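Q: Could you take a close look at one part of this model for me, the sheet and whatever packs against it? I'd like one connected walk-through rather than a list.

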Amino acid sequence: MSQLQGILTRLKNLQEQSTSGEPAQRYFEVNGERKCQVTFHPKTETFELEVYNEKEKPKRFQFDNIDMITIEIFDLIQ
């Protein structure tokens with residue numbers, strides 16, 4: 001399985017986990033270091049990406065397209 005397909009699968013699972021109406025979260029790490037956190041909000045059907053950078057506050061981005069957030073995560077963990 002390619003890395004892109006793995007990310008997409010994890011995001012789809014995140015959507016399925018949030019069927020109770022509560023937001024679901026997932027972290028993405030590289031060598032044990034957290035790179036970002038994704039939260040899926042089922043009420044608005046949007047993803048929130050929180051990017052962690054050293055010595056900076058986390059930055060947050062909103063996505064309503066699963067493909068766009070998949071590419072963004074892929075770029076972060078490369």
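A: Helix 2, residues 66–77, lies across strand 1, strand 2, strand 3 and strand 4, and its direction is at about 15 degrees to that of strand 3. Keep in mind that this is a predicted model.

Now for the sheet itself. It's an open one, with four strands in the order 1-2-3-4 and antiparallel pairing. Strand 1 (24–30) and strand 4 (59–63) sit at the edges with a single partner strand each, so one side of each has no neighbour in the sheet. From one strand to the next, the twist averages 20 degrees. If you want to trace one pairing by eye, go to strand 3 (residues 46–51) and strand 4: they run antiparallel and are joined by five bridges. One place to start is V51, whose bridge partner in strand 4 is K59.

Helix 1 (residues 3–17) packs on the sheet too, touching strand 1, strand 2 (33–41) and strand 3. Its direction makes about 160 degrees with that of strand 1. The length of helix 1 checks out: at 1.5 Å a residue, its 15 residues should span 21 Å, and the end C-alpha atoms are indeed 21 Å apart. G6, I7, L8, L11 and L14 of helix 1 are buried, and the cover over the buried residues of this helix includes strand 1, strand 2, strand 3 and helix 2.

Just past that helix, have a look at S18, in the loop between helix 1 and strand 1. S18 has 3% relative accessibility, so it counts as buried, the cut-off being under 20%. Setting aside neighbours within four places in sequence, S18 is in contact with A24, F40 and P42.

F40 takes us to the aromatic side chains. The structure holds one aromatic pair, made by F40 and F47: the ring centres are 4.9 Å apart and the planes are at 50 degrees, so the pair counts as tilted. F40 and F47 are both buried.

Two arginines also sit over rings, if you fancy a look at those. The charged end of R10 is over the ring of F28, 4.3 Å from the ring centre. For R34, the charged end sits over the ring of Y27, and here the distance to the ring centre is 3.6 Å.

Key: Residues are numbered from 1 along each chain as its sequence is written. This is a predicted model: local features need pLDDT of at least 70, side-chain atom pairs count only at pLDDT 80 or more; totals for chains, interfaces and linings use all residues. Side-chain values use heavy atoms; hydrogens and water are left out. Two strands pair if DSSP finds at least two bridges between them. Helices (H or I, at least four residues) and strands (E, at least two) are DSSP runs, numbered from the N terminus. Axes are lines fitted to C-alpha atoms, for helices over the stretch in contact, and angles run from 0 to 180 degrees between N-to-C directions. Contact means heavy atoms within 4.5 Å. The expected span of a helix is 1.5 Å times one less than its number of residues. Buried means under 20% relative accessible area, exposed over 50%, partly exposed in between (1.4 Å probe, protein chains only). Rings of Phe, Tyr and Trp (its six-membered ring) pair if their centres lie within 6.5 Å; planes under 30 degrees apart count as stacked, over 60 as edge-to-face and the rest as tilted. A charge sits over a ring if NZ of Lys or CZ of Arg is within 6 Å of the ring centre and within 35 degrees of the ring normal.
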